[in-house]
Amino acid sequence: MTDQIPEPQMTGAKPGLLDRLSPVWLVPLAAVVISLFVAWHNYASRGPVIEIEFENASGVIAKETVLRYRDVSVGVVEKVQFAAGLENVIVSVRLEPEVAPYVDAESQFWVVRPQVTSRGVSGLETVISGVYIEGVWDSTPGQAQTRFIGLEQTPTARSDQEGMTIVLRSRGGEGLSEDTPVLYRGIEVGRVGRPELSDDGQSVIAEAFIRAPYARHVTSATRFWNSSGFRLTFGPGGAQLDVSSLASLVAGGVSFDTVINEAAPIEAGTVFELFGSEQDARSSLFAGTGTDQVRLSMIFEGETGGLQANANVELGGVVVGQVAAVSGLVDATRFGDRRVRMLATVELDPAKLGFGGPEAETETHEFLSGAVARGLRARLEQASILTGGLKVVIEPVEDAPDAAFGGSDTPFPEFPALPYEGSGTGQSVEGLIDRVAALPFEELLDQTIGVLGNANRILADENIQRIPKETADILASAREVVASDEVQALPGQVGNLLTSLETAAAQVESLIADLAERDAAARLAEALDAAARAADGIALAATEDLPPLVTDLRALASQVKDLPLSDVVGNASGLLADARTILSDPAIQGVPSQLETAFAELGATISDARRAVTTLTEGGALEDLSATLASARQVADDLATATDQVPGLMGRIDGVAADVQALPLDRIAANVTAVLENLNGITASEAAQALPESASAALGAVSDALERTSALLESIDGEQLSADLSLTLTDARRAAASVAEATEALPGLSRRLDNIAARAEQVPLDSLAAEAEGLLADLREVVGTGDAQALPGALNGALAQIEAVLGDLRTGGVVENTNATLAATRNAAESIAAAAESLPTLAQRLQVLSDQARVTLASLDSESRLYSEIRAMLGAVENAARSVNSLSRSIERNPNSLLLGR
Amino acid sequence: MQRVWAWWLAGLIAYVPANLYPMLVTSTLLSTQQSTIVGGAVELAESGSWGVAAIILIASVAIPVGKFFAIAFLALSIRGQRRHSDHRRHRLYELVEFIGRWSMIDVFVVAILSALVQLGSLVSIHPGPAAVTFALSVVFTMLSAQSFDSRLIFDQNEQDPA
């Protein structure tokens, strides 16, 4: 400031200087004075300039960047310049005069920059206003100082705060991050500073500042642990979730606690171990784990891959420490090669060895050195077979190589160790574990999850979930049903049903008994007996009495031969010829075939009827059947009536024969001749010749009737039917009995015929014999025809049909009746046998008849009455034959009439 | 003549802090900027506004300085030898008289800006201490010029022969 006020050039000092001066000069004078005052004031109000040395002064601008104390500007940066060597930046700050006395040696300065951390945003205002320099100093004036070293970071412990700074040490650095809060019972009492690596690089250390009121809780028995985040533990008490505070959840936190009261106070800067969890911290407290651990180095050779940090170090079976770190070591000068050996840093707890106090480390070293001298060595052992982990065991080894404790090659005193002979177990187990690890657990889990998901879906399905309820409902319904009156009454009903069945069985039984009572079987048996008797009689008559008859006939023939009966003979021969003609008639010869056919038809019809009858189970059919049976019974009755007349006829024949016997043979012969002529005529007549056809037709009709009968027999099923059957059988028996009577009457007839034959014997009947021979030949011829020979086959078929009928009868519920019928049949056979027994008598009678005939023939000449009688008889026979013929024709035309009774 | 010199001296004294102290204090949300006259002109020139910078320099620096020199020249020329014609000195005097009032243009600008730009804390412009001293300096130099008796220019002619 050029305050050199120029001296006014005062010339002409005639008047007084003051008089000549204008008062205007006061103005510049005042200006000068004011300027001077302002200048002096400015200078006087300036504080001292201090120089702060920073490594990095980014954002610091001269004249703009201010120095703040408690957020109040107390100075301005005047100048930013480099220190010598350009290593640092020197910031000159002019302080405010008021604070200048307080800025002493303890002052701290740092540059505040905007900072975003997990704890929040700080220094946000510097984004706009630019950085500023923060300074802290205590509130007591001290020795002024103008040169300071600036801090790079915000200090953990500000010098204006009261409290205590300690050092936390963590092996892995967990929980140690800048600005992490230090919590004491959940209250933030301090901060953790910036973590740094320790000098040996084995751990992370960080300062922590505990504020004043709480710092007294930190003693030598205090344990710090990492409470950052949350901790989920499972134990007997269930799952436990520990969250210390929301802030620590985000930014982490370090908690501490002091359990033991009897503890020594600590000094600032004491190192505390930071434990991983509260449990570890508390257990270490009771285990006596001190803060100062003795560190050793051990060098191992061999396969030491299983040794890892935190492996135990055992001395005499007691865990005295842990492996802090494992690293490699290459030292060619010491070992002579460049192989990599393992350098393990081991932390021993002196308290475990019984050493304590400040001299613990030294005492431990002394103890270890003595132990090494006594042969103690460290070696590796398998800690876990499964994981292949190793542990360090310190134990006496015999013949140990010479070694000494200590040494300067390693970061810490070296404890001699033995090479590790890696056991194969670890390898194999590792291989096993590798294989197990290679198992497709994830796929398995996926599939399991899928299966569980499906099962879950199935179980979650509403239908499935309804099953138990529906099952319960069903059971309830079943219980209801079972408990219902109807079901409870069921046994009773079943009992009733059984009773009814019993009753029905009894009724059936009684029906059968009734049938038995009605004697149907017995009657059938009787009928059959009668039939048998008749058959027997016929057989006997035919077999035993025929020879005498033949003899008589022969005699008669001889007598006849003696007679002059050429006409008769001629007529007879003509008659015989006619008879032969008749016999040789195809119709007659067709009789066997017709019979066969009839039998076949009978079989077929029986089978058809069997089929039909099986279908005839409806009520109407049965009624028809019963009606039919009634008709059949009527027919049988008629037949029986008809047969009843047969004896009468026989009697008349007998009478005729007797009359014949009484005839004079002479006329008889002539009459016979005439008769024979008539016979010839008769036989030559168409009616006679049609007789075989009619007979065969009648046989067919009979076979039809048999078919129907068998069908009826099959269908016999019921009381009415059986009653009808029994009636029918009774009628049949009566018919059979009549036949038997007829056969019984035959002997008489045969006797008379015998007489006739005997009389005829006297007639010269040579030609007649010849004719008879021809007749016999014809008969033989008839018999010899294929059809006749086929008769047995047809008979067999008929028998088979009958057998089938019998089988049907048996199955038709009439087995007993069938048996009875068989018995009756036997009876009939017996009757026939009896009838046959009477045949000899018949033969005798025939013989008598022939004798009488002989007599008659002898007296044939005189008495012509016989002739007329014979003629009448023959006429009656002719009439009968015609009647039979018409009957057979009518039956042939209308076979149903036999069954229907019309 | 004493008054001329006295006012001249006062104006000169006032002119010194007018250039040293900030003329304009611009307070924005982010920062507070203090600019002196010359500093502001230099900034304008650096930012490319040569015209404005030239006007400010001429109005605030060249004219006041020229006035100082002109008044000093006139005052000295009265006493010393006459090297220049009277007419030209008179013309110079009239020029000083005329231009003197225009020197207040800076003060006007500052006053107008201060009145207009008052947007609360966002932006505000305050006149700095230099504004007052500059105004004083201008006033003093005008008074100095008015104190000058132009007749003295011609009086010297009459005295010479005498």
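**Exercise 1. Find which residues B:I71 touches, not counting residues up to four places away in sequence.**

Step 1. Fix the criterion: two residues are in contact if their C-beta atoms, placed from the backbone, lie within 7 Å.
Step 2. Apply it to B:I71, and you find B:V4, B:W8, B:V96, B:T141, B:S144, B:A145 and B:F148.

Before you go on, a word about the model: it is predicted, local features need pLDDT of at least 70, side-chain atom pairs count only at pLDDT 80 or more, and totals for chains, interfaces and linings use all residues. Residues are numbered from 1 along each chain as its sequence is written, while chains are lettered from A and ligands numbered from 1 in the order in which they are written.

**Exercise 2. Place B:I71 in the largest nonpolar core and say which elements build this core.**

Step 1. A nonpolar core is a set of buried Ala, Val, Leu, Ile, Met, Phe, Trp, Tyr and Cys residues joined through C-beta atoms within 7 Å. A residue is buried if 20 or more other C-beta atoms lie within 10 Å of its own, exposed if 12 or fewer, and partly exposed in between.
Step 2. The largest core has 35 residues, and B:I71 is one of those that touch the most other members, together with B:W7, B:A10 and B:A14.
Step 3. Two or more residues each come from α2 (26-45) of chain A and from α1 (2-20), α2 (37-46), α3 (50-79) and α6 of chain B. Helices (H or I, at least four residues) and strands (E, at least two) are DSSP runs, numbered from the N terminus.
Step 4. α1(B) gives the largest share, 12 residues.
Step 5. There is also a second, separate core of 28 residues, with A:L307, A:A325, A:I394 and A:F415 among them.

**Exercise 3. Describe the surroundings of B:S114.**

Step 1. Locate B:S114 in helix α5 (residues 105-116) of chain B.
Step 2. Count its C-beta neighbours inside 10 Å: there are 16, so B:S114 is partly exposed.
Step 3. Leaving aside neighbours within four places in sequence, B:S114 is in contact with B:I125, B:H126 and B:P127.
Step 4. B:S114 and B:I125 are 11 residues apart along the chain, and their C-alpha atoms are separated by 5.1 Å.

**Exercise 4. Work out the strand order of the open sheet of 6 strands in chain A, and its edges.**

Step 1. Strands pair if DSSP finds at least two bridges between them.
Step 2. The order is β20-β23-β22-β21-β25-β24, with mixed pairing.
Step 3. β20 (294-300) and β24 (376-382) of chain A each have a single partner strand, so one side of each is left without a neighbour in the sheet.
Step 4. From one strand to the next, the twist averages 30 degrees.
Step 5. Zoom in on β20(A): 7 bridges join this strand to β23 (residues 341-348) of chain A, and the two run antiparallel. Here A:I299 stands opposite A:L343.

**Exercise 5. Trace the partners of strand β4 (residues 89-95) of chain A.**

Step 1. Strand β1 (residues 49-54) of chain A is joined to β4(A) by 6 bridges and runs antiparallel; A:F54 has A:V89 as its bridge partner.
Step 2. Strand β3 (residues 72-82) of chain A is joined to β4(A) by 7 bridges, again antiparallel; A:V76 is partnered by A:R94.
Step 3. The hairpin of β3(A) and β4(A) has 6 residues between the strands, and A:G85 takes a positive phi near 90 degrees.

Notes:
Axes are lines fitted to C-alpha atoms, for helices over the stretch in contact, and angles run from 0 to 180 degrees between N-to-C directions.
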